[in-house]
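The following exchange examines how terms such as buried or salt bridge are assigned in a protein model. Each answer sets a value against the criterion that applies.

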Amino acid sequence: MAKYKRQKVKHYHRSFYSREMRVKRGIGIAVLVVAVLAAAWFAAPHVLDWATHTWYTVVKDRDLEAESASRAEAAASSAAASSAAASQAASEPEPEEEKPLDGKAITGGSWAELDVTALTDDAAIRAAARQLKQQGADYALVTLKDAAGTVYYASGVAAAAQSITENPVDAANIAAILREEGIIPAAQLAAFTDPVSVYTDRSMGVHYDGNSLWLDNVSAAKGGKAWMNPFAASAVQYIGDLIEEVQGMGYEQVVLTGVQFPNIITRKQDFGASGGKSREGRAAQLTADIAAWQTRFAGSVTLWVSYPDALCTAATDALGTTGTSLGMENLLVTSSTELDADSRAALEQAAADAGVQHLVVHDTAAFR
């Protein structure tokens, strides 16, 4: 009997997918991956929010909703405050910039005199200026050349060489500090009442024999003093040069005193001009001198001519006329006492009739 023999079955590893089917399969897998990634991308913020919320509320035991509301309220309050501040700033006018002090201004305010010898340092100058400001003064008279011929600052004008005091002040610094404190500085200069400078330049003096200087007393030993000659061109030039010098130091207001002839006129005086023998001639010369200074400093200096009230009310030998009649634009009248209403009115009328543009009556006893 024949033996049954079991046949072997062969297994073959063979793909039944065609190339087209494999391509479609790959595309499908790629689309699926992209879809999964996109879903993860969009879901990530929500998952993070959920995880964060769970962490703080469950683990940290915090009320996130209350905290969020508090932060929102604070932000709203801050925005409202900023808006209110901006609105208030817009409604408030911007502060005006402080205008610089006009050194040439004529304000009609009060004048006060400072003792220049006491203005030795910044503290003293500032203290004096503040005291004047508290008292209501607008102008500070700083005497830089007095009737004794003394020049109180280090002048560079040649004719002043022998007149400078041993301890000159810093005139420019005085003017600067006065301005800082709101006070207009005014330099006061004695003009022809100068017994010192004429010895430096004798051409400026009044003579009695064409060479020797005339003295207003018999000798210098008995108190006789020399005088500057208003007819001398060198004297007029000298005063003008001093005005220019102090203007460069910050004094845009200059007050001239002593614009006059000697109080006594004699036949021995030689003015170098025949006009000095008559009142009319002297008045005409003083008028010409004042006009020369006003023309030279027009626009750069507010120039004042100063006389005591006694020289303004009647004609004198010293002026040849009244003090209001010499053609000055600005007249500063000094008085040791306050003028009564009638005297002041008469003075103002005389000044107006003579064409004086600005008249100030300065009580020398004030602010002392």
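Q: What makes the pair Glu-244 and Arg-296 a salt bridge?
A: In this predicted model, the closest N and O atoms of Glu-244 and Arg-296 are 2.6 Å apart. The criterion is a side-chain nitrogen of Lys or Arg within 4 Å of a carboxyl oxygen of Asp or Glu, so the pair qualifies. The two residues belong to distant parts of the chain, Glu-244 to helix H6 and Arg-296 to helix H7 (residues 279-296), 52 residues apart.

Q: Why are Glu-244 and Arg-296 called partly exposed?
A: The relative accessibility of Glu-244 is 45%, and the relative accessible area of Arg-296 is 33%. Buried requires under 20% and exposed over 50%, so values in between are termed partly exposed.

Q: How do you know that Glu-252 and Lys-104 form a salt bridge?
A: Their side chains meet at 3.4 Å, N to O, and the limit is 4 Å, so the term applies. The pair links distant parts of the chain, 148 residues apart. Glu-252 is in the loop between helix H6 (233-247) and strand E6 (253-257), and Lys-104 is in the loop between helix H2 (64-91) and strand E1 (110-114).

Q: Which term, buried or partly exposed, fits Glu-252, and which fits Lys-104?
A: Glu-252 has a relative accessible area of 18%, under the 20% limit, and therefore counts as buried. Lys-104, with 31%, is partly exposed.

Q: What makes Arg-126 and Glu-181 a salt bridge, and which parts does the pair tie together?
A: The N to O distance between their side chains is 2.8 Å, within the 4 Å limit, so the definition is met. Arg-126 lies in helix H3 (residues 122-135) and Glu-181 in the loop between helix H4 (171-180) and strand E5 (184-190), so the pair joins parts that are 55 residues apart in sequence. Both residues also belong to a network of salt bridges that links Arg-126, Arg-130, Glu-180 and Glu-181. The structure holds 11 salt bridges.

Q: Why does Glu-181 count as buried, whereas Arg-126 counts as partly exposed?
A: Glu-181 has 16% relative accessibility, which is under 20%, so the term is buried. Arg-126 has 24%, which lies between 20% and 50%, so the term is partly exposed.

Q: How do you know that His-207 is buried?
A: The relative accessible area of His-207 is 12%, and the limit is under 20%, so this residue counts as buried. His-207 is placed in the loop between helix H5 (197-200) and H6. Among the residues that His-207 touches are Trp-214, Lys-268 and Asp-270. A polar atom of the His-207 side chain lies 3.2 Å from the backbone oxygen of Arg-202.

Q: Why does the span of helix H8 agree with the expected value?
A: Helix H8 (residues 341-353) has 13 residues, which at 1.5 Å a residue should span 18 Å, and its end C-alpha atoms are 18 Å apart, so the values agree.

Q: What caps the N-terminal end of H8, and which residue follows H8?
A: Asp-340 caps that end, with a side-chain oxygen 3.2 Å from the backbone nitrogen of Asp-342. H8 is followed by Gly-355, whose phi is positive, near 85°.

Note on methods. Residues numbered from 1 in each chain as written. Predicted model: local features only at pLDDT ≥ 70, side-chain atom pairs only at ≥ 80, totals over all residues. Heavy atoms only, no water. Helix = DSSP H or I, 4+ residues; strand = E, 2+ residues; numbered from the N terminus. Expected span 1.5 Å × (residues − 1). Polar contact = N/O pair within 3.5 Å; in protein donor to acceptor, adjacent residues only side chain to side chain. Buried < 20%, exposed > 50% of the residue type's maximum accessible area, 1.4 Å probe, protein only. Contact = heavy atoms within 4.5 Å. Lists of a residue's contacts leave out its neighbours within four places in sequence.
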